[in-house]
Amino acid sequence: MDVLLAILSQFGLYGLLTLGIAIVFAALRVVNLAHCDFAMIGAYAAATLTGFAFSWRVVLVLAATVPLLVLIERALLRRSLADGLGSMLVTWGVGMALRQIAEVAFGATPRSVAAPVTGTVALFGTQGPAYRLICALVAVVVVGLVLLAAYRTRWGLTLRAVADNPAMAGLLGTDPHRLRTTAFIVGGLLAVLAGALYSPTLAVSPSMGFSLLVPTFFALLFSRPGSLATAALAALGVSALAVLLRTWLSDVVADALFYVVVIGIAAVRSRPALRRFVSWSRRFVVRSA
Amino acid sequence: MVPPFRRPVCVIAALTLFSATGCAGAAISASGGGDAGGPLKIGVIVPLTGPIAQSGTALRQGFELGVAKVNNAGGVGGKQVEFVVVDDAGDPANSTQLARRLIQQDKVTALFGTITGDTAEAVAKVSDDSKIPFFTAILGDPEQCRAYQWGFGESTRQLLAPMVPPLLQKYGKRVAIVGSDYNYPHIYAGLAKDFTTANGGTVVAEEYSPLGQTDWQPVIARLKDAKPDVLLSMVVGADAIAFSQQAQQFGLLTGKLGFEGAPLDSDYHPALSALTTGRHHAVRWADGMTDPASRQFVDGYRAKYQWRAPIPEVAGSAYFGVQFVLAAAAKTGNDPVALNREIGTFQYDSPLGTGTHFAQANHILQADMVDAVITPEDYAVAAKFGPVADTVPRTGC
């Protein structure tokens, strides 16, 4: 049971981050390499705005980050949309700039955040930190709400339409600029929320986003572009793989094996025969549906 | 003409390049030519940017105050001591390049500084080749003893020898060891095992995790299953904070568990003082020491740098270490080889101990250790262990 709780906790963090980066990728076709640095912003807000209650710190940083996200999307990403690699490099630069700003403002020494809820809870006979469970549940609920919005609202329909065929969506009256800005805000805010929510379990430092980027990137790699449900499933898979390997093996071996498994899956998925098989088998799914 | 959509990319790329290098290699102080009859000049190589900038800055500040004290007393040989500070950003490639530049262009008589083991090793190679003495102030054991390298920080043996017996006596004999997965924590664990068994204890768990770990739950679960009485931790950097916090949240780090290691260092005090207050930590120098020289340093450091947190130990080691070097240089002048020879036999009294000197067999400073108790404000001295010897021979010396 404690393994399931560990997977749930990891999924809460990776799920928010992966869903955010997947939304941005769907709308902008950009792998946002600064995505997890937005989580760093959320964590620093939780560490520094100690005059406010923890929940207010989360609300304040979410509100305060919106103008920054709009600025980044409009000033830096909109003009380089024609060049995917250029946009990705821009986001890499944004991440570097954010880390440097954090280092200048707060110093390089890592900080900690006191958990707003202390103590342990017993769940199915397993004792675990209460806050870890609460923030995992909050994160999972947010992931669920975002998926609901993606598959049950007009905004979600438009997002998926743009992800599938941006030219056609534009011809049918969708304002691509507006959608891209909205998607960048929503995706960025999910990262900020992840950073703020999980800050009591992490060390808050300028480079903390970098540690989170690798698993998030792997989860994005395993998801289908534009399909947020597969992004959430991929985040769950990455979380489960990481936790299970580290439960059965030593951390050092598990870490190495994690990369071997992930790269192996990516290599197998890229085989043309497998892609053709998946494409062929989808016909039956569609017909039966 | 740069295409419009590429302009932001170019700007960001330029900013990225600038920030990535962190202006590495930039000389902070003005440098002048040094010669046999000129003032003594020391090259200081420290990371002032990057993830370990805090420790590098503390070392530089302690060093500056140490030189200022000597200069205020008349300098060395009637001349003011000069120094050149350069930023290696914690990158060994920069350290090598900067050490060469300080020796060849700035004509320094000695080198001082570095924080991480790999940058110290990079500078030590250059100093050995050039026959220029090089002094470090951070704790730990260099992989190889070198003729021109001397360390003012405590060795791992000096760190563990006085602290393991009282920990085992107070908390129990079952010891667990946890560390980040790189060279030094493995060395620390090897010696910790020796000291544990020598004092009648048993190592019940040994765990390592790659640097950058965010989730420590599986490691903590294994440590808890081993039911240790004492936890020795060499988890470093931001991981030290994540590990300690999660260990407390999962009920491993309680008042019943003895806890010693890197997370108790003053570097982590701002983040972990809530967890470490009241615990005991073996150090060479603590800002709570009450002798007049330490008080003068602490007051000067707090006033000059507007410092309110506990003063890092590395700053104290640099402050008293550079005074040791300059006292030896008063006998030899600017000749690096003569200075290096003098350092090998020199004895110096300071708050680090009476008659502190380097062991010929390993170039480790033979000095006192103290038992510091962590408070919200400082590291108060609970007891003095006195001189703690480490004369175990090391290859290369």
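This section describes the internal cavities and the cysteine residues of a predicted model.

Two cavities of 30 Å³ or more are present in the structure. The largest encloses about 80 Å³ of space. Its lining comprises 13 residues, and those nearest the centre of the cavity are L159(B), Y188(B), E260(B), G261(B) and H281(B). Three elements of chain B, namely α5 (156-160), β8 (230-234) and β9 (258-261), each contribute at least two residues to this lining. In composition, the lining of the largest cavity consists of 9 nonpolar, 2 polar and 2 charged residues.

The second largest cavity holds about 50 Å³ of space. Residues from chain A and chain B line this cavity: S9(A), Q10(A), L13(A), R132(A), Y198(A), T201(A) and L202(A) are joined by T214(B), D215(B) and Q246(B). The element that gives the most to the lining is helix α1 (residues 2-28) of chain A, which supplies 3 residues. The lining of the second largest cavity divides into 3 nonpolar, 5 polar and 2 charged residues.

Over all chains, the count of disulfides comes to 1. The bond is formed between C145(B) and C397(B), with an S to S distance of 1.5 Å. The torsion about the S-S bond of C145(B) and C397(B) is about -55°, and the disulfide is therefore left-handed. The pair links distant parts of the chain, the two cysteines being 252 residues apart. C145(B) lies in the loop between β4 (134-136) and β5 (149-151) of chain B, whereas C397(B) belongs to the segment after β14 (379-388) of chain B. The accessibility of each partner was also computed: C145(B) has a relative accessible area of 4% and is therefore buried, while C397(B), at 42% relative accessibility, counts as partly exposed.

Two cysteines of chain A were examined in the light of the disulfide criterion, a sulfur-to-sulfur distance within 2.5 Å. C36(A) takes part in no disulfide, and the cysteine sulfur nearest to its own, that of C135(A), is 16 Å away. Because its relative accessibility is 1%, C36(A) counts as buried. C135(A) is likewise in no disulfide, with the sulfur of C36(A) as its nearest cysteine sulfur, 16 Å away. C135(A) is also buried, its relative accessible area being 1%. With 16 Å to the nearest cysteine sulfur, C36(A) falls outside the 2.5 Å cut-off and is therefore not paired with C135(A).

Note on methods. Residues are numbered from 1 along each chain as its sequence is written. Chains are lettered from A and ligands numbered from 1 in the order in which they are written. This is a predicted model: local features need pLDDT of at least 70, side-chain atom pairs count only at pLDDT 80 or more; totals for chains, interfaces and linings use all residues. Side-chain values use heavy atoms; hydrogens and water are left out. On a 1 Å grid over the protein atoms alone, a cavity is a set of points where a 1.4 Å probe fits but cannot get out, and a pocket is an open set with protein on both sides within 12 Å along at least five of seven lines; lining residues have an atom within 4 Å of a point. Grid points are joined across faces, edges and corners, and a volume is the space filled by probe spheres set on the points. Helices (H or I, at least four residues) and strands (E, at least two) are DSSP runs, numbered from the N terminus. Ala, Val, Leu, Ile, Met, Phe, Trp, Tyr, Cys and Pro count as nonpolar, Asp, Glu, Lys and Arg as charged, and the others, Gly among them, as polar. Buried means under 20% relative accessible area, exposed over 50%, partly exposed in between (1.4 Å probe, protein chains only).
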